[in-house]
Amino acid sequence: MMFKCLCTDDTPMVRRAAASKIGEFAKVVEMEHLKGEIIPLFNSLANDEQFSQDSVRLLAVEAGITIAGLLTESDIEALLLPMFRSAASDKSWRVRYMIADKFIELQKAVGPTITRNHLVFHFSGLLKDVEAEVRASAANKIKEFCTNLPADIQEGVIMPNILPAVKELVCDTNQHVKAALASVIMGLSPIMGKDNTIQHLLPLFLILLKDEHSDVRLNIISNLDSVNKVIGIHQLSQSLLPAIVELAEDPKWRVRLAIIEHMPLLAEQLAPLGVEFFDEKLNSLCMSWLVDGVFAIRSAATSNLKKLVSIFGLEWAQNTIITKVLSMARDPNYLHRMTTLFAINVLAEVCPPDVITKFMVPVIANLAADAVPNVRFNVAKTMKKITPSLDSQTIEYQIKPCLTKLYDDEDTDVKFFANEALVLCH
């Protein structure tokens, strides 16, 4: 009786508090009281129109999901389904947003039969909602909603109900809606299968890859592996690779950075086509990033080289990468000369001592006489890093003389790092 009074209180704040607790309260009462007393109270809160209190109704959504978990499918259909339908079309966008945000929990609570017969229609409606926040929230749930459908009905539900809405969202005017869609749309590939992915999803991926907003493009790039597993690398290289190459030269550096970070994954996926294919399509891009105007790109590009060597092997690195990297030591731009040192630091981790000694040490030694102090102290840091990989003769006759000279440098930073490296040599 006391809780009933709180649920019907004239003060909206009290009803809100009651709505937030009615789900927990329902868990501890007998089924008889739940059906006879609590659910009628819940429905009155869920349809709270007094003073237009949408805050009460949106709290009732979560409580309704909790209560649904306590009932049978037939009871849910009779007692709660009208409320969920009402919430999905509520005049307040906040209530619709809440039902969209909690849709997966609702789907699990009501079971597959009610989902198929009733919720699919309302989920499709939320994807087409007039409010962008509601569409974005629903779009975020597409992959999980489709995954949770029974396998025997997935295609029958997705093709006529979900896919048309997805095609509309791809061209949505709101970037947050498209970004939300882009973060999950690739995950539909394993559900829809190879043929449907190639016919229906690939064109949508390409549209999103060319979207004007960088976060939309990034979300597609980040999930390429899920598509590759379904359609295969040949189809991926023919359809999406040209768009990826275009993005690799995007004016926004964060987009370029995302491409670099996913390059090792892309290289692994392209490996079955042979290293020649990678060299033809992407090698020049990897090298161009080393001289990018943004430090974060140059730094990521050096780390990328190390991962590529691990994938394609040392012979490929010697023939393709190392010579080009070391040639940058003669670049007029001191930032590019420093990038050479950064690249040596990471490549030395995957190259054997003879390669380091034969190709890298002479270049480092030449840079010890560079006119720019920043280059010289990075020479000292690089020597410190590679010293554990070198034999005693190389250290004694090539490394220590350079470091001794750097220790006498007039620049204090150069002296400091040279001293640190000399200590390691001893």
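Contact here means heavy atoms within 4.5 Å. Keep that in mind as you walk through this predicted model.

**Stop 1: helix α2**

Start by selecting residues 12-27, which form helix α2. Put a distance label between the C-alpha atoms at its two ends and you should read 24 Å. At 1.5 Å a residue, its 16 residues should span 22 Å, so the two values agree. Now look along the helix to Lys-21, where α2 bends by about 45 degrees.

Next, colour the buried residues of α2: Pro-12, Arg-15, Ala-18, Ala-19, Ile-22, Gly-23 and Ala-26. An α-helix has 3.6 residues a turn, so residues three or four places apart point the same way. What do the buried residues of α2 pack against? Show α1 (2-7), α3 (31-46) and α4 (54-68), and you have the helices that they pack against.

**Stop 2: helix α6 and its cover**

Move on to residues 93-101, helix α6. Its buried residues are Val-95, Arg-96, Met-98, Ile-99 and Ala-100. To see what covers them, add α4, α5, α7 (103-110), α8 and α9 (132-139), which are included in that cover.

One of these covering helices is α8, so named for residues 112-127, and Gly-125 is found there. Is Gly-125 buried, partly exposed or exposed? Its relative accessibility is 38%, so Gly-125 counts as partly exposed. Now select Ala-88 as well: Gly-125 and Ala-88 are 37 residues apart in sequence, while their C-alpha atoms are 8.0 Å apart in space.

**Stop 3: the second largest cavity**

Stay with Val-95, a buried residue of α6, because Val-95 also helps to line the second largest cavity. Select the rest of that lining: Ala-46, Arg-57, Met-83, Ser-86, Ala-87 and Asp-90. The volume here is about 30 Å³. Which helix gives the most to this lining? Helix α5 (residues 73-88) does, with three residues. By class, the lining has four nonpolar, one polar and two charged residues.

**Stop 4: the largest cavity**

How many cavities of 30 Å³ or more does a search of the whole structure find? The search finds two. For the largest, select Ile-221, Leu-224, Ile-244, Ile-259, His-262, Met-263 and Leu-266, which line about 40 Å³ of space. Helix α18 (residues 253-270) gives the most to this lining, with four residues. The lining has six nonpolar residues, one polar residue and no charged ones.

**Stop 5: Gln-154**

Now go to helix α11 (residues 154-170) and pick out Gln-154. With 13% relative accessibility, Gln-154 counts as buried. Leaving aside neighbours within four places in sequence, Gln-154 is in contact with Cys-146, Thr-147, Leu-149 and Ile-191. Ile-191 is 37 residues away along the chain, and 7.5 Å separates its C-alpha atom from that of Gln-154.

**Stop 6: Gln-398**

Finish at helix α25 (residues 392-407), where Gln-398 is found. At 32% relative accessibility, Gln-398 counts as partly exposed. Which residues touch Gln-398, leaving aside its neighbours within four places in sequence? Show Thr-357, Val-361 and Gln-393 to see these contacts. Then select Ile-364: Gln-398 and Ile-364 lie 34 residues apart in sequence, and 9.9 Å apart in space from C-alpha to C-alpha.

Key
Residues are numbered from 1 along each chain as its sequence is written. This is a predicted model: local features need pLDDT of at least 70, side-chain atom pairs count only at pLDDT 80 or more; totals for chains, interfaces and linings use all residues. Side-chain values use heavy atoms; hydrogens and water are left out. The expected span of a helix is 1.5 Å times one less than its number of residues. The bend at a residue is the angle between axes fitted to the seven residues ending there and the seven starting there. Buried means under 20% relative accessible area, exposed over 50%, partly exposed in between (1.4 Å probe, protein chains only). On a 1 Å grid over the protein atoms alone, a cavity is a set of points where a 1.4 Å probe fits but cannot get out, and a pocket is an open set with protein on both sides within 12 Å along at least five of seven lines; lining residues have an atom within 4 Å of a point. Grid points are joined across faces, edges and corners, and a volume is the space filled by probe spheres set on the points. Ala, Val, Leu, Ile, Met, Phe, Trp, Tyr, Cys and Pro count as nonpolar, Asp, Glu, Lys and Arg as charged, and the others, Gly among them, as polar.
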